[in-house]
Amino acid sequence: MPETHKPARRKMGALPNFIFASRWLQLPLYLGLIAAQAVYAFHFWVELVHLLEAAFGNQHALQALISSIGYKTDVQITTLNETVIMLVVLALIDVVMISNLLIMVIVGGYETFVSRLNLEGHPDQPEWLDHVNASVLKVKLGTAIIGISSIHLLKTFINAANYDEKVLMWQTIIHIAFLLSAIAIAVADRLMSHHDTAGH
């Protein structure tokens, strides 16, 4: 079988090499996002511990939960009720979805714009990372943002009594705007991919 040789790598000039190396300036940004992810993980466990403590009757934990979700009622709450549990669980889901978004930005962005991660053959390699590029990343981020916006909107509707009508209206409008933007990005990406396929 004839040996296949990789094409020889061209030597880059000093200026192109410097410009290309500037991509490493993004590294501190991704490290910063990892730090933000750690803060989210800490916040998640604080809220979860408060929920578990409130379930066993801890009043301080219950009041901390009620304060964090912005739940207000004329009747003093002394035990967990279904609405408080639902709002807390939605807040936890919200943290998880934002963490997923951060992972997509950190891993996908680093792989696309900074340097290869060389995860081929790794058992934990995300399936979407196989064919990640700037367009795929935009569509996935748009979908993730819609999911986060949906959770926020659901939390607002459950706790609607504590919000002004204008807040409810604007949150709904913003959510629809996110939805339309994601659809537009997905359609544009699909049209571009069809155009590229037809061109070959």
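These short exercises walk through a predicted model of one protein.

**Exercise 1. The fold**

Task: State how many helices and strands the protein has, and give their pattern along the sequence.

Solution:
- Step 1. Count the elements. The protein has 6 helices and 0 strands.
- Step 2. Read from start to end. The pattern is α-α-α-α-α-α.

**Exercise 2. Inside and outside**

Task: Find what share of the residues is buried, how much area the protein exposes, and which atoms supply 66% of that area.

Solution:
- Step 1. Take buried to mean under 20% relative accessible area. By that cut-off, 28% of the 200 residues are buried.
- Step 2. Turn to the surface. About 14,200 Å² is exposed.
- Step 3. Split the area by atom. Carbon and sulfur atoms supply 66% of it.

**Exercise 3. Contacts along the chain**

Task: Among contacts between residues at least 6 apart in sequence, work out what share joins residues at least 24 apart.

Solution:
- Step 1. Keep the contacts between residues at least 6 apart.
- Step 2. Pick out those that join residues at least 24 apart. They make up 61%.

**Exercise 4. The largest pocket**

Task: Describe the largest pocket by its volume, its lining and the helices behind that lining.

Solution:
- Step 1. Give the volume. It is about 170 Å³.
- Step 2. List the lining: Y40, H43, E47, S68, I69, G70, A91, L92, D94, V95, I98 and K155.
- Step 3. Assign the lining to elements. α2 (27-55), α3 (59-69) and α4 (82-114) each give two or more residues. α4 gives the most, with 5 residues.
- Step 4. Sort the lining by type. The residues divide into 6 nonpolar, 3 polar and 3 charged.

Note on methods. Residues numbered from 1 in each chain as written. Predicted model: local features only at pLDDT ≥ 70, side-chain atom pairs only at ≥ 80, totals over all residues. Heavy atoms only, no water. 1 Å grid on protein atoms, 1.4 Å probe; cavity = no way out; pocket = protein on both sides within 12 Å on 5 of 7 lines; lining within 4 Å. Points joined across faces, edges and corners; volume = space filled by probe spheres on them. Helix = DSSP H or I, 4+ residues; strand = E, 2+ residues; numbered from the N terminus. Nonpolar A, V, L, I, M, F, W, Y, C, P; charged D, E, K, R; others polar. Buried < 20%, exposed > 50% of the residue type's maximum accessible area, 1.4 Å probe, protein only. Contact = heavy atoms within 4.5 Å. Areas by Shrake-Rupley, 256 points an atom, 1.4 Å probe, with all protein chains shown as cover.
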